[in-house]
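User: I would like a close look at a single part of this model. Please explain each term as it arises.

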Amino acid sequence: MSDSQCLSIPKCSVMVRRVAVVGAGCSGLACIKICVDEGLEPVCFESSDGIGGMWNFRETPEPDRTSIYRSLVVNTSKEMMCFSDFPMPSDYPNFMHNSQLLQYFRLYAEHFDLLRYINFQTTVRSVLQRPDFSLSGQWEVVTINKNGQEERHIFDAILVCSGHYTHPTLPLSDFQAKSVFLQGMKPFLAGVFTAGNIKMQMPSQEKGWWWSALAILEVILLWRLADRPRR
Ligand SMILES: Cc1cc2nc3c(=O)[nH]c(=O)nc-3n(C[C@H](O)[C@H](O)[C@H](O)COP(=O)(O)OP(=O)(O)OC[C@H]3O[C@@H](n4cnc5c(N)ncnc54)[C@H](O)[C@@H]3O)c2cc1C
């Protein structure tokens, strides 16, 4: 009996061995850790050059990668969000900035020595059942690395942790507007946006507090002008 046949036989003493983990965001990291705990051999493929997935903030949105905006603060508390086997640092606020969450994922990966299972800059192109899947239960995974080299791998199981916010689903048939305009003299923002295409930042981050003050004054001025009685 091959190892892989044990997939469908619960009491078999030999278990699934090689597991492909697609993506090294927080889901992928947790999966790698659990595989190791269970005596499996995880091999993780991550298309970017770092861990953390969407929490790894990048100024410019990249194709096929979920994106966040610089000022994003999590909306779930640290007690709710942390891994059950690795509490968040006690000095973290309850609702933290995205950079702190990324740091927490780095601490988690370091603590459980997970980085050695990750192949960075390696994208999974396809996952297909092998021709003998009904007997072996095995999968063929095709990856492409940063040099464009394609490789084929055989795995006993696949954990897909590639995220689910990469490609936006926008209700554009119901609401197509997407613009910033002056209604009367009031600035008006309308549209359907995703976290990926909102990259508005507080100007103070780049240009200093006086620039923020100037921007706020500009908005106030526009509102005052709009409220002025017309002749
Ligand atoms: C704007 C925003 C705010 C959010 N705020 C919160 C919050 O406050 N609290 C909360 O609990 N959740 C929040 N979420 C939900 C969020 O999805 C989860 O917190 C979590 O980050 C999902 O992790 P993930 O590992 O599943 O996916 P991701 O973080 O998206 O990671 C997927 C990884 O897979 C890699 N990948 C994708 N395809 C491939 C491929 N073919 N080959 C190799 N690698 C691949 C990507 O490069 C990426 O690193 C938020 C989501 C968004 C969009």
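Which atom of the ligand lies 3.5 Å from a backbone N or O atom of Phe45? Please then describe Glu46.

Analyst: The model is predicted, so local features need pLDDT of at least 70 and side-chain atom pairs count only at pLDDT 80 or more, while totals for chains, interfaces and linings use all residues. Residues are numbered from 1 along each chain as its sequence is written, and side-chain values use heavy atoms, with hydrogens and water left out.

The atom in question is a nitrogen atom of the ligand. The protein covers 82% of the 990 Å² of accessible area that the ligand has on its own (Shrake-Rupley method, 1.4 Å probe). Around the ligand are 28 residues, and Glu46 is among the closest, together with Ser27, Trp55, Asn75 and Thr76 (a residue counts here if one of its heavy atoms lies within 4 Å).

Glu46 itself sits in the loop between strand S2 (41-45) and helix H2 (78-81); helices (H or I, at least four residues) and strands (E, at least two) are DSSP runs, numbered from the N terminus. Glu46 is buried, that is, under 20% relative accessible area with a 1.4 Å probe, protein chains only. Glu46 has no salt bridge, which would require a side-chain nitrogen of Lys or Arg within 4 Å of a carboxyl oxygen of Asp or Glu. The nearest side chain of opposite charge, Arg65, is 4.7 Å away.

The side chain of Glu46 does make a polar contact with that of Ser48, at 2.7 Å (N or O atoms within 3.5 Å, one able to donate a hydrogen and the other to accept it). Leaving aside residues up to four places away in sequence, Glu46 touches several others, including Gly23, Ile118 and Thr122 (heavy atoms within 4.5 Å).

Conventions:
Buried means under 20% relative accessible area, exposed over 50%, partly exposed in between (1.4 Å probe, protein chains only). Lys and Arg count as positive and Asp and Glu as negative; His and the chain ends are not counted.
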